[in-house]
Amino acid sequence: MSIDRRGKVLEELAQAIRETELPGSSSIRKVSVEPYLDADGEPALKALIVVEGAYEGGWPAELTHSLRRQVNQLAAEKGLNEYVYVTLFTEQEFKDRESTDDLAESDSTTDIDRALSEDQQDRQ
C-alpha cells in the first residue's frame, strides 16, 4: 500500500472510530490513528480516542473492551493487518498530555543541545 493510500486509510479508520456508538451517554470527541511499533518491535497502530464525559474510578471494562474490539474490527474491514492499540482520554487528560508533551520536547531538546555543546568543547 502506498504511503498516500495508507494515510487515507488511517484517516478513514479515524472517521469510522469517531462514528462508533458507545454504551451509555458518552460520545467520541476526537480520534487520532498513527503507525506504532509495539514492545516487540512489530508494526502496529495506535488510536488515541478522546471520550466526552468522565467515569469515577476509571473507564468501565465494558466500554474499553467493546471499543477495542470495534476498533480492531474496523481496521480489519479497512484492510489493515496491524493490531490497533487503543488509549482513551477525557478531554482534560488529552489537553494535559499535549502540554506535558510540549514540555518534554522542549526539555529534551535543551538537554540534547547541551550535551552536543559539551561534546564539542571536549574535542577542542
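Buried here means under 20% relative accessible area. With that cut-off in hand, let's work through some exercises on this predicted model.

**Exercise 1. Find out how many residues of strand 2 are buried, and which strands pair with strand 2.**

Solution. Start with the burial: eight of the 10 residues of strand 2 are buried, and the strand is mostly covered. Next, look at the partners. Strand 1 runs antiparallel to strand 2, joined to it by 10 bridges. Strand 3 runs parallel to strand 2, and six bridges link these two. Now pick out some residue pairs. On the strand 1 side, Val 31 stands opposite Ile 49, and Ile 28 has Val 51 as its bridge partner. On the strand 3 side, Lys 46 stands opposite Tyr 85. Finally, visit the hairpin of strand 1 and strand 2: five residues lie between the strands, and Gly 41 takes a positive phi near 80° there.

**Exercise 2. Check whether the length of helix 2 agrees or disagrees with its number of residues.**

Solution. Helix 2 covers residues 61–77. The expected span is 1.5 Å times one less than the number of residues, so the 17 residues of helix 2 should span 24 Å. The C-alpha atoms at its ends are 24 Å apart, which agrees. Once past the helix, you meet Gly 79, with a positive phi near 85°.

**Exercise 3. Describe the buried side of helix 2, then place Thr 64 in it.**

Solution. First, list the buried residues: Leu 63, Thr 64, Ser 66, Leu 67, Val 71, Asn 72, Leu 74 and Ala 75. These pack against helix 1, strand 1, strand 2 and strand 3. Now zoom in on Thr 64. Its relative accessibility is 12%, so Thr 64 counts as buried. A polar atom of its side chain lies 3.1 Å from the backbone oxygen of Ala 61. Setting aside neighbours within four places in sequence, Thr 64 is in contact with Trp 59 and Leu 88.

**Exercise 4. Work out which elements build the largest nonpolar core, and which one gives the most.**

Solution. Some background helps: in soluble globular proteins, nonpolar side chains tend to be buried together. Here the largest nonpolar core has 23 residues, and Leu 13, Ile 17, Val 33 and Ile 49 have the most contacts inside it. Helix 1, strand 1, strand 2, helix 2 and strand 3 each supply at least two residues of this core. Helix 1 gives the most, with six residues. For a closer view, take Leu 13: beyond four places in sequence, its contacts include Val 33, Leu 45, Val 71 and Leu 74.

**Exercise 5. Classify the ring pairs Tyr 83 with Tyr 85 and Phe 89 with Phe 94, and state how covered each residue is.**

Solution. The model has three aromatic pairs in total. Tyr 83 and Tyr 85 have ring centres 4.8 Å apart and planes at 75°, an edge-to-face pair. For Phe 89 and Phe 94 the centres are 5.5 Å apart and the planes are again at 75°; planes over 60 degrees apart count as edge-to-face, so this pair is edge-to-face. Now for the cover. Tyr 83, at 43%, is partly exposed, and Tyr 85, at 33%, is partly exposed too. Phe 89 is buried at 11%, and Phe 94 is buried at 9%. One last step: Tyr 36 joins Tyr 83 and Tyr 85 in one aromatic cluster.

Notes
Residues numbered from 1 in each chain as written. Predicted model: local features only at pLDDT ≥ 70, side-chain atom pairs only at ≥ 80, totals over all residues. Heavy atoms only, no water. Helix = DSSP H or I, 4+ residues; strand = E, 2+ residues; numbered from the N terminus. Buried < 20%, exposed > 50% of the residue type's maximum accessible area, 1.4 Å probe, protein only. Polar contact = N/O pair within 3.5 Å; in protein donor to acceptor, adjacent residues only side chain to side chain. Contact = heavy atoms within 4.5 Å. Pairing = 2+ DSSP bridges. Phe/Tyr/Trp six-rings, centres within 6.5 Å; stacked < 30°, edge-to-face > 60°. Core = buried A, V, L, I, M, F, W, Y, C linked by side-chain atoms within 4.5 Å.
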